[in-house]
Amino acid sequence: MEQDMIRRLRDRDEAGMADLLLHFGPLMRYIIAPILPNSQDREDCLSEVTLRIWEKIDQFDPRRGSWNSWLTAITRNTALNHRRAAQVHCGAEVLPQDTPASSLTPEEALLQKERQEAVQAALERLHTRDRVLFYRKYYYLQPTAQIAAELGMTERAVEGRLYRLKKQLRKMLGGENHG
């Protein structure tokens, strides 16, 4: 089913888009919801996500990662961009035009890449349930109450596990004072 849908999207067959929304629409909505609380913003974002998938489907490479990972990344990043754009329109901090660009120097980019790889390696060493909890809170930006309800835990228990997880990751990464 998934491979057939991807093939149809690559062939620019609109039936592939219908399959995408039918089979993966709930996942995309689930990812967007905690990032964009306004229902109209969520629907606009979902439309933007589907358009991006339509435009970028040729960039999907199953050798580099799974379909779900690719779809999740596009959905999350689009929702975050949508939220940033909405904040700018609502009068959030707007930088003056003469503010220097925030691009990294080559050395800073290399250090950032190394830090990201170290964090990813540390996350991979965590138990699956802990890694999922971490991603839900800090990658998908889900509220603690939602995580607790869906995992059958109290909010306090979720917060406690997250605290211990951050402490464990800090120790694994050689952070100061390990706590």
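Visitor: How many salt bridges does a search of the whole structure find?
Guide: Keep in mind that this is a predicted model. A salt bridge here needs a side-chain nitrogen of Lys or Arg within 4 Å of a carboxyl oxygen of Asp or Glu. Run over the whole structure, the search comes back with 11.

Visitor: Let's pick one. Arg-7 forms a salt bridge with which residue?
Guide: The partner sits in helix α1 (residues 2–10) along with Arg-7, 3 residues away, about one turn of the helix. The closest N and O atoms of the pair are 2.5 Å apart, and the partner is Asp-4.

Visitor: Is Arg-7 buried, partly exposed or exposed?
Guide: Buried means under 20% relative accessible area and exposed means over 50%, with partly exposed in between. Its partner Asp-4 comes out at 32%, which makes Asp-4 partly exposed. Arg-7 has 43%, so the label for Arg-7 is also partly exposed.

Visitor: Which residues are linked with Asp-4 and Arg-7 in a network of salt bridges?
Guide: The Arg-7 and Asp-4 bridge, with its 2.5 Å N to O distance, is part of something wider. The network that holds Asp-4 and Arg-7 also takes in Arg-8, Asp-11 and Asp-19.

Visitor: And over in helix α5, why are Glu-117 and Lys-113 separated by about one helical turn?
Guide: Their side chains meet in a salt bridge, at 3.1 Å from N to O. Glu-117 is partly exposed at 44%, and Lys-113 is partly exposed at 47%. Both belong to helix α5 (residues 106–125), and the separation is about one turn because their spacing along the helix is 4 residues.

Visitor: What about Arg-63: buried or exposed?
Guide: Arg-63 has a salt bridge to Asp-61, with 3.1 Å from N to O. The cut-off for exposed is over 50%. Arg-63 has 75% relative accessibility, so Arg-63 counts as exposed.

Visitor: On to pockets. How much space lies in the largest pocket?
Guide: Start with the walls: 20 residues line the largest pocket. By type, that lining divides into 9 nonpolar, 8 polar and 3 charged residues. The space inside comes to about 640 Å³.

Visitor: Which element gives the most to the lining of the largest pocket?
Guide: Ser-69, Trp-70, Thr-72, Ala-73 and Tyr-139 are the lining residues nearest the pocket centre. Two elements give two or more residues to the lining, α2 (14–32) and α4 (67–89). With 7 residues, the top contributor is α4.

Visitor: Take Thr-72, then. Is Thr-72 buried or exposed?
Guide: Thr-72 is found in helix α4. Setting aside residues up to four places away in sequence, Thr-72 touches Leu-27, Ile-31, Tyr-139 and Tyr-140. Its relative accessible area is 9%, and buried means under 20%, so Thr-72 is buried.

Visitor: Which residues is Met-17 in contact with, leaving aside its neighbours within four places in sequence?
Guide: Met-17 is found in helix α2. At 15% relative accessible area, Met-17 falls under the 20% cut-off and is therefore buried. Beyond those sequence neighbours, the contacts of Met-17 are Leu-9, Thr-50 and Trp-54.

Visitor: What distance separates the C-alpha atoms of Met-17 and Ile-6?
Guide: Ile-6 isn't a chain neighbour of Met-17, as the two are 11 residues apart along the chain. From C-alpha to C-alpha, the separation is 9.2 Å.

Conventions
Residues numbered from 1 in each chain as written. Predicted model: local features only at pLDDT ≥ 70, side-chain atom pairs only at ≥ 80, totals over all residues. Heavy atoms only, no water. 1 Å grid on protein atoms, 1.4 Å probe; cavity = no way out; pocket = protein on both sides within 12 Å on 5 of 7 lines; lining within 4 Å. Points joined across faces, edges and corners; volume = space filled by probe spheres on them. Nonpolar A, V, L, I, M, F, W, Y, C, P; charged D, E, K, R; others polar. Buried < 20%, exposed > 50% of the residue type's maximum accessible area, 1.4 Å probe, protein only. Contact = heavy atoms within 4.5 Å.
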